[in-house]
Amino acid sequence: MKKTLALAAAGLLTVAASSKAADLLISVDQAKDLVGKAVFVNGDDPNTFAKGHIPGSVNAYAHDLHYLNDIKQCGGLPMCEKTAQKFISELGISNNSHVIAYDDGKGPNASGVWFFLYLYGVDNVQILDGGFATWKAKGLPVETGPAKKPAPGKFTVKLRKDILATKDEVLKASKDPNYVILDARRFEEYTGKTLLDALEAPGKHKQVERGGHIPGAKFFEWKKLAANPNGEPDKPIFKPVDQIKKMLEKAGITPDKTVITYCHVGLGRGSFVYAALKLAGYPKAKVYVGSWDEWGNDNSLPIEQ
């Protein structure tokens, strides 16, 4: 009887994980029928976007959705609420819009757009599995040139603060065994050998002052969980869910812990690992959107190298 119950529970977990994957991801074959109905948001840089994109797409470069000044002023949010509300509305998004976030096929930029929109209250937002590389490989229509300005949407912010970690929580987490902090960056960034820049404010870049990582953070590069880090066509973005679970648990990252992911700006490699955690059924996952851009620029915070 116990064995039967255990098998049934395992079956339910598999169904639950499959359901989460169905909610978070959408295939190219499903998405192709939604052109003109859903809002397609490309998370790559404007130059990549101009070379080719899904017809009617808007562009929101994931790396530039994080303003350091706003993070400091507005409780760790990547943009203050009024700024985000205007930004999202100008993408042609309303609260009831179906939004499909995508990138070249690697996944991080799509995950950054997905997390950003979900954080501010877009309920129906998905990641295009396979990305633009698969779209092109299937011979589907492609547009070139810069993004056109859509009719503005009617969007009101509804914050999901439970998926966002602030620097204060991360500082606490660095000393608390009930938390795990995952650094999704390259090893050269983790050790402090490479310093990157990010937006301090729209159009104003600033290189981070210090290199290293948050004390106690595990080096867990996003590519560990990626099925297509090179953006090849006809490949899924994430490794199979059962494989993700095994990798996480082998690293001591269990679902009972609050798991905080970060990278340089949070919206990219950090959000990619967060999305993988959600696919694997981790209920207490969060993204530290301030990430190394905030932490490395705050001399009052401890670092390790």
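Q: Before we look at anything, what does it take for a charge to sit over a ring?
A: A charge sits over a ring if NZ of Lys or CZ of Arg is within 6 Å of the ring centre and within 35 degrees of the ring normal. Here, Lys224 has its charged end over the ring of Phe220, 5.5 Å from the centre. Arg160 does this with Tyr118, with its charged end 3.8 Å from the ring centre. One thing to keep in mind: this is a predicted model, where local features need pLDDT of at least 70, side-chain atom pairs count only at pLDDT 80 or more, and totals for chains, interfaces and linings use all residues. Residues are numbered from 1 along each chain as its sequence is written, and side-chain values use heavy atoms, with hydrogens and water left out.

Q: How many aromatic pairs does a search of the whole structure find?
A: A pair of aromatic rings is described by the distance of the centres and the angle of the planes. Rings of Phe, Tyr and Trp (its six-membered ring) pair if their centres lie within 6.5 Å; planes under 30 degrees apart are stacked, over 60 edge-to-face, and the rest tilted. The search turns up 13 pairs. Take Phe87 and Phe116: they are edge-to-face, 6.0 Å centre to centre with 80° between the planes. Phe87 is in helix 5 (residues 81–90) and Phe116 in helix 6 (residues 108–120), so this pair ties together parts 29 residues apart in sequence. By the way, helices (H or I, at least four residues) and strands (E, at least two) are DSSP runs, numbered from the N terminus.

Q: Is Phe116 buried or exposed?
A: Buried means under 20% relative accessible area, exposed over 50%, and partly exposed in between (1.4 Å probe, protein chains only). Phe116 has just 1%, so it's buried, while Phe87, at 24%, is partly exposed. Now try Trp114 and Tyr274: their ring centres are 5.9 Å apart and their planes at 40°, so that pair is tilted. Trp114 is in helix 6 and Tyr274 in helix 11 (residues 269–279), so the pair ties together parts 160 residues apart in sequence. Both residues are buried.

Q: Which residues do ring pairs link into a cluster with Trp114?
A: Phe115, Tyr118 and Tyr274 are linked with Trp114 that way.

Q: Which residues have a positive phi without being glycine?
A: Two cases are Asp234, with phi of about 60°, and Ser291, with phi near 50°. Asp234 is in the loop between strand 9 (218–219) and helix 10 (241–250) and is exposed at 54%. Ser291 belongs to helix 12 (residues 291–295) and is buried at 0%.
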